[in-house]
Amino acid sequence: MKRQMKCQLLLALMQLVTAPLLQAQVSRQIERGEAQPAQGNQREAIVIKQGSAKTYLNRGLVRSAAGEWDGAISDFNRVIEIEPLNAVAYYNRGNARQARGEQEQAIADYDEAIRISPRLAEAYNNRGVARQGKGDTAGAVADYEKAIESDPQNARAYANRSLTLLFLGQEADAAKDFEQCLALDNKLAQSLEKRIKELKRRLVSKQ
């Protein structure tokens with residue numbers, strides 16, 4: 001029971017870390033020109049032409065950015081029907097499913113994205129969060145390590161591994177990951193410091 005409570009605590013904190021990062025990630029995809037967001041009621045004005053996989057993908061990204069998970073999943077489903085080997089569609093559908101709390105389905109999508117594109121670091125990172133949510137801490141750490149191996153500049157993977165190692169009582173290693181995370185992206189400093197302090201406080205209170 002005590003271990004289960006600790007796992008639930010870590011899951012709650014991990015969700016706080018990953019939820020805004022999912023939106024930031026979608027925003028970066030939009031900034032790179034992979035999706036063009038519409039404003040307000042214009043969002044639905046995006047026209048599907050000739051069953052284009054790219055068009056469905058773009059609209060799925062826009063819907064994800066707006067938190068319209070059902071619509072986003074529908075669009076990513078269509079992309080996969082058109083292009084069964086589209087790793088980006090599987091990956092983004094996994095993000096939407098994870099946002100809806102569907103961890104098993106999200107993991108299956110990340111698995112497929114990784115099978116198609118074995119060096120897709122974000123898929124490893126997000127699968128790690130989903131695995132942690134199911135209580136698979138070892139699997140989560142392994143995924144964060146794969147994310148870092150695939151992309152040594154992935155600050156989010158260092159942040160998530162730092163929290164997980166702290167949860168496991170490996171404070172020295174957690175501190176190293178924390179420092180590396182901030183060296184890569186110091187914008188995460190305030191939010192990550194708060195989560196580490198809160199995690200330490202709650203772990204002590206549960207002992």
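**Close-ups of an all-helix model**

**View 1. Gly139, a glycine tucked into α7.** At 10% relative accessibility, Gly139 counts as buried. This glycine is found in helix α7, in a model that is predicted. Look across to Gly128: the two glycines are 11 residues apart in sequence, and their C-alpha atoms sit 6.7 Å apart in space.

**View 2. The whole chain, before zooming in again.** The protein has 10 helices and zero strands. Read from the N terminus, the elements go α-α-α-α-α-α-α-α-α-α. How much of the protein counts as buried? Of its 207 residues, 48% do. Take the contacts between residues at least 6 apart in sequence: 55% of them join residues at least 24 apart. On the outside, the accessible surface comes to about 10,500 Å², and carbon and sulfur atoms account for 48% of that surface.

**View 3. Ser150, in helix α7.** Helix α7 covers residues 137-150, and Ser150 lies in it. Is Ser150 buried or exposed? Ser150 has a relative accessibility of 15%, so it counts as buried, the cut-off for that label being under 20%. Setting aside residues up to four places away in sequence, Ser150 touches Pro118, Arg119, Ala121 and Tyr124.

**View 4. Helix α3 from end to end.** Helix α3 takes in residues 69-82, which makes 14 residues. From its first C-alpha to its last, α3 reaches 20 Å, close to the 20 Å expected at 1.5 Å a residue. Its buried residues are Trp69, Gly71, Ala72, Ile73, Asp75, Phe76, Val79 and Ile80.

**View 5. Glu81 and Arg78, a salt bridge within α3.** Here the side chains of Glu81 and Arg78 meet in a salt bridge, at 2.9 Å from N to O. Both residues belong to helix α3 and are three residues apart, about one turn of the helix. Glu81 is exposed, with a relative accessible area of 56%. Arg78 has 30% relative accessibility, so Arg78 counts as partly exposed. As background, side chains of opposite charge can pair when their charged atoms come close. The structure holds 15 salt bridges, and the next two views show others.

**View 6. Arg115 and Glu112, a salt bridge within α5.** The side chains of Arg115 and Glu112 meet at 2.6 Å, N to O, in a salt bridge. What separates the two along the helix? Because they are three residues apart in helix α5 (residues 103-116), about one helical turn lies between them. Arg115 counts as exposed, at 53% relative accessibility.

**View 7. Asp143 and Arg127, a salt bridge between helices.** A salt bridge brings the side chains of Asp143 and Arg127 together at 2.7 Å, N to O. Asp143 lies in helix α7 and Arg127 in helix α6 (residues 121-133), so this pair ties together parts that are 16 residues apart in sequence. Asp143 counts as buried, at 1% relative accessibility. Arg127 counts as buried too, at 11%. Pull back a little and there's a network: salt bridges that share partners join Asp111, Arg127, Arg131 and Asp143.

**View 8. Tyr91 and Tyr110, ring to ring.** The count of aromatic pairs comes to one. That pair is Tyr91 with Tyr110, and it is tilted, with 6.1 Å centre to centre and 45° between the planes. Tyr91 sits in helix α4 (residues 87-99) and Tyr110 in helix α5, 19 residues apart, so the pair links distant parts of the chain. Tyr91 is buried, with a relative accessible area of 4%. Tyr110 is buried as well, with a relative accessible area of 0%.

**View 9. The largest nonpolar core.** This core has 36 residues. Which residues have the most contacts inside it? They are Val79, Ala123, Cys181, Leu182, Leu192 and Ile196. Helix α8 (residues 155-167) supplies the largest share of this core, eight residues. Val79 turns up among the buried residues of α3 as well.

**View 10. Around Ile196.** One of the residues with the most contacts inside the core is Ile196. Leaving out its neighbours within four places in sequence, Ile196 is in contact with Ser162, Leu163, Leu166 and Phe178.

Notes
Residues numbered from 1 in each chain as written. Predicted model: local features only at pLDDT ≥ 70, side-chain atom pairs only at ≥ 80, totals over all residues. Heavy atoms only, no water. Helix = DSSP H or I, 4+ residues; strand = E, 2+ residues; numbered from the N terminus. Buried < 20%, exposed > 50% of the residue type's maximum accessible area, 1.4 Å probe, protein only. Contact = heavy atoms within 4.5 Å. Expected span 1.5 Å × (residues − 1). Areas by Shrake-Rupley, 256 points an atom, 1.4 Å probe, with all protein chains shown as cover. Salt bridge = Lys/Arg side-chain N within 4 Å of Asp/Glu carboxyl O. Phe/Tyr/Trp six-rings, centres within 6.5 Å; stacked < 30°, edge-to-face > 60°. Core = buried A, V, L, I, M, F, W, Y, C linked by side-chain atoms within 4.5 Å.
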